[in-house]
Amino acid sequence: MTITDDLDRRFRETASAEGLLDVAYDVLDSPVGPLLVAMSERGLCRVAFDGEPERDLDSLARTFGARVLRVPRRIESARVELDEYFEGNRRSFDLPIDVATLPVFQQRVLRELARVPYGRVTTYGALAGKIGSPRAARAVGGALNRNPIAIVLPCHRVVGASGSLVGYAGGLQRKRSLLRLEGAEAN
Amino acid sequence: MMALVTLPPFERFYADHREAVFGRVSRLLRRSDAEDAYQETFLRALRAYPTLRHAERLDAWVLTIATRVAIDVLRRRSSDGELPDLPAPETARPAFAQIEHLTAELPPKERAAVVLRYGYDLDYADIGAALGSSEEAARQAASSGVRRLRGRRSE
């Protein structure tokens with residue numbers, strides 16, 4: 001006798017339905033490579049370019065609790081919205097977002113970042129000004145670099161003062177692809 | 001909430017132990033019951049996971065849960081007056097496989113003790129832990145099960 005896929009899926013979905021998980025996740029295919037997508041009880045808490053899923057799981061367990069389990073069905077709404085985004089049919093996301101575990105400064109930066117419209121770019125300095133700390137461009141850069149919810153919180157829309165594509169945690173190639181998809185102009 | 005111990009993410013724990021848990025419940029229960037017991041084992045493990053005080057011997061911990069879940073099913077079946085079927089013995093050790101079908105008629109605790117001792121080679125301390133009783137009680141349950149089997153065979 002072996003463990004059937006159906007039995008495995010039933011366990012995962014029952015665990016999720018009974019509210020026993022700290023985090024449910026799945027790894028999704030996308031035009032910019034595999035994405036590890038995770039939901040806490042409060043909402044979407046991770047969209048990571050899937051370099052090392054093992055390290056991502058450890059990080060999720062440390063942040064949200066050790067009951068981290070792959071449950072594709074729990075991620076379904078995020079998968080649908082991301083697919084629509086990559087097909088060019090979605091310009092903003094309706095998913096609830098969980099940034100509650102992040103430092104307060106980073107939460108402020110990410111909240112402001114979420115207001116940068118689809119297809120537009122802004123600069124680290126401009127974002128720093130918006131949160132009332134105009135001299136904190138470098139700290140804003142650090143907060144964006146550690147953005148746990150890539151794409152949905154659009155740190156790819158933030159560029160250097162000269163309009164150049166400076167660093168991106170997912171790599172400049174991905175940043176360029178996302179901006180091209182959105183029809184944004186960047187150097 | 002800060003965890004006091006570093007437990008592996010449950011996904012990794014599940015991947016590491018699912019085969020062993022399924023093996024344990026499959027040896028004690030028929031297919032449909034084994035599937036239910038497999039799921040129930042990991043749901044109980046999930047409920048208890050945040051309360052674990054250390055991350056050592058997680059294998060023994062989850063197999064103890066699996067055995068208790070399986071014994072609960074056997075108890076329920078026998079109080080329903082239903083005799084549980086044992087799974088096909090082809091995976092069992094040869095000597096034990098020859099007598100395994102006879103164990104179906106034993107009382108649940110004796111049956112579990114006999115199966116765990118002779119089918120799995122568990123020592124009595126582990127069997128006691130799995131049955132929620134002492135090492136000595138596990139030894140007595142196994143030996144009274146064996147006596148009962150001998151009595152049956154000589155009938």
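A:Ala38 stands opposite A:Arg46 of strand S3(A). Strands here are DSSP runs of E with at least two residues, helices are runs of H or I with at least four, and both are numbered from the N terminus. Strand S2 of chain A covers residues 35-40, and five bridges join S2(A) to S3(A). The two run antiparallel. Two strands pair if DSSP finds at least two bridges between them.

This is a predicted model, in which local features need pLDDT of at least 70, side-chain atom pairs count only at pLDDT 80 or more, and totals for chains, interfaces and linings use all residues. Residues are numbered from 1 along each chain as its sequence is written, while chains are lettered from A and ligands numbered from 1 in the order in which they are written.

The sheet of chain A is open and has four strands, in the order S3-S2-S1-S4. Its pairing is mixed. Strands S3 (44-49) and S4 (68-70) of chain A each have a single partner strand, so one side of each is left without a neighbour in the sheet. From one strand to the next, the twist averages 25°. Such angles run from 0 to 180 degrees between N-to-C directions, with axes fitted to C-alpha atoms, for helices over the stretch in contact.

Chain B has seven helices and zero strands. Of its 155 residues, 39% count as buried, that is, with 20 or more other C-beta atoms within 10 Å of their own C-beta, placed from the backbone.

Now the interface. In all, 22 residues of chain B are in contact with 19 residues of chain A. Contact means C-beta atoms, placed from the backbone, within 7 Å. On the chain B side, H2(B) gives the largest share, nine residues.

Helix H1 of chain A (residues 5-17) and helix H2 of chain B (residues 31-48) have axes that come within 10 Å and cross at roughly 35°. The crossing is right-handed: the near helix is turned clockwise from the far one by less than a right angle. Among the residues making this contact are A:Phe11 of H1(A) and B:Phe42 of H2(B).

The table sorts residues by class. Nonpolar means Ala, Val, Leu, Ile, Met, Phe, Trp, Tyr, Cys and Pro; charged means Asp, Glu, Lys and Arg; the others, Gly among them, are polar.

| Set | Nonpolar | Polar | Charged |
|---|---|---|---|
| Contact of H1(A) with H2(B) | seven residues | two residues | two residues |
| Side of chain B that touches chain A | 14 residues | two residues | six residues |

Definitions and conventions
Contact = placed C-beta atoms within 7 Å. Buried ≥ 20, exposed ≤ 12 C-beta atoms within 10 Å, placed from the backbone.
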